[in-house]
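Me: I would like to go through some of the labels attached to this model and ask what each of them rests on.

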Amino acid sequence: MLGVLLGGMLSISSVRNRLVLYFERDSIEQAVKHYFTCEMSRDFEKLYQCLSPSSVYRQSHTYEDFLADVRNSPVRIREYTIVDIYNLRVNHDREAFPLVEKFVQAEVEVILYYTDTNQTFSFNQCFTFLKEGGIWLKG
């Protein structure tokens, strides 16, 4: 009876996704932290590798394009705080994203510093991370 009840509960998508998120949370959090560490240290080579090959940006920008975008940008991330990780879901559109296994949202509070104006701004942003080949990457 307990097995039937447990099986029924796990067949409900949202319950299953929350359970999977519980087990995946550490690896997702590490991917988010790695992305922001690379961004803050301006390690552009590693930062580009943090971007999912299936992401719209990587699909349309080479590494050289990426360098042109980021090298001269006056925007720097001073601090970040992961607020929440949520909405884990499997990829139901393999035609559009054949390599993506799962998607998840990472809500992050970010403090930006603009080197050209010496201004600091704080904002809350939701980032999509994708799991490809068993690895979480920024979408």
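What follows is a set of questions and replies on a predicted model.

Me: Why is Ser54 called buried?

Reply: Ser54 has a relative accessible area of 10%, and because buried means under 20%, Ser54 belongs in that class. Its place is in the loop between α3 (44-49) and α4 (56-60).

Me: What makes the pairing of the side chains of Ser54 and Glu132 a polar contact?

Reply: The side chains of Ser54 and Glu132 are joined at 2.8 Å, and the cut-off for such a pair of N or O atoms is 3.5 Å, so the pair qualifies as a polar contact. Glu132 also appears among the residues in contact with Ser54 once neighbours within four places in sequence are left aside, together with Gln59, Phe97, Leu99, Val100 and Leu130.

Me: How do you know that Cys38 has no bond to the closest cysteine sulfur?

Reply: The closest cysteine sulfur to that of Cys38 is in Cys50, at 4.1 Å, and because a disulfide requires sulfur atoms within 2.5 Å, the two are too far apart for a bond. Cys50 is likewise in no disulfide, and the count by this rule comes to zero.

Me: Why do Cys38 and Cys50 count as buried?

Reply: The relative accessibility is 4% for Cys38 and 7% for Cys50; since the class of buried residues is set at under 20%, Cys38 counts as buried, and so does Cys50.

Me: Why is Ser73 called partly exposed?

Reply: Ser73 has a relative accessibility of 21%, and because partly exposed covers what lies between under 20% and over 50%, that is the class in which Ser73 is counted. Ser73 is found in the loop between α5 and β1, where a polar atom of its side chain lies 3.2 Å from the backbone nitrogen of Val75. The C-alpha atoms of Ser73 and Tyr114 are separated by 8.7 Å, with their positions 41 residues apart along the chain.

Me: What makes up the lining of the largest pocket, by class?

Reply: The lining has 14 nonpolar, three polar and four charged residues, with Tyr counted as nonpolar and Glu as charged. The pocket has a volume of about 430 Å³, and of its 21 lining residues, Tyr35, Glu39, Leu47, Val70 and Ile77 lie nearest the centre. Two or more lining residues come from each of α2 (13-41), α3, α5 (63-71), β1 (75-90), β2 (100-114) and β3 (119-132).

Definitions and conventions. Residues are numbered from 1 along each chain as its sequence is written. This is a predicted model: local features need pLDDT of at least 70, side-chain atom pairs count only at pLDDT 80 or more; totals for chains, interfaces and linings use all residues. Side-chain values use heavy atoms; hydrogens and water are left out. Helices (H or I, at least four residues) and strands (E, at least two) are DSSP runs, numbered from the N terminus. Buried means under 20% relative accessible area, exposed over 50%, partly exposed in between (1.4 Å probe, protein chains only). A polar contact is a pair of N or O atoms within 3.5 Å; within protein, one must be able to donate a hydrogen and the other to accept it, and residues adjacent in sequence count only if both atoms are side-chain atoms. Contact means heavy atoms within 4.5 Å. On a 1 Å grid over the protein atoms alone, a cavity is a set of points where a 1.4 Å probe fits but cannot get out, and a pocket is an open set with protein on both sides within 12 Å along at least five of seven lines; lining residues have an atom within 4 Å of a point. Grid points are joined across faces, edges and corners, and a volume is the space filled by probe spheres set on the points.
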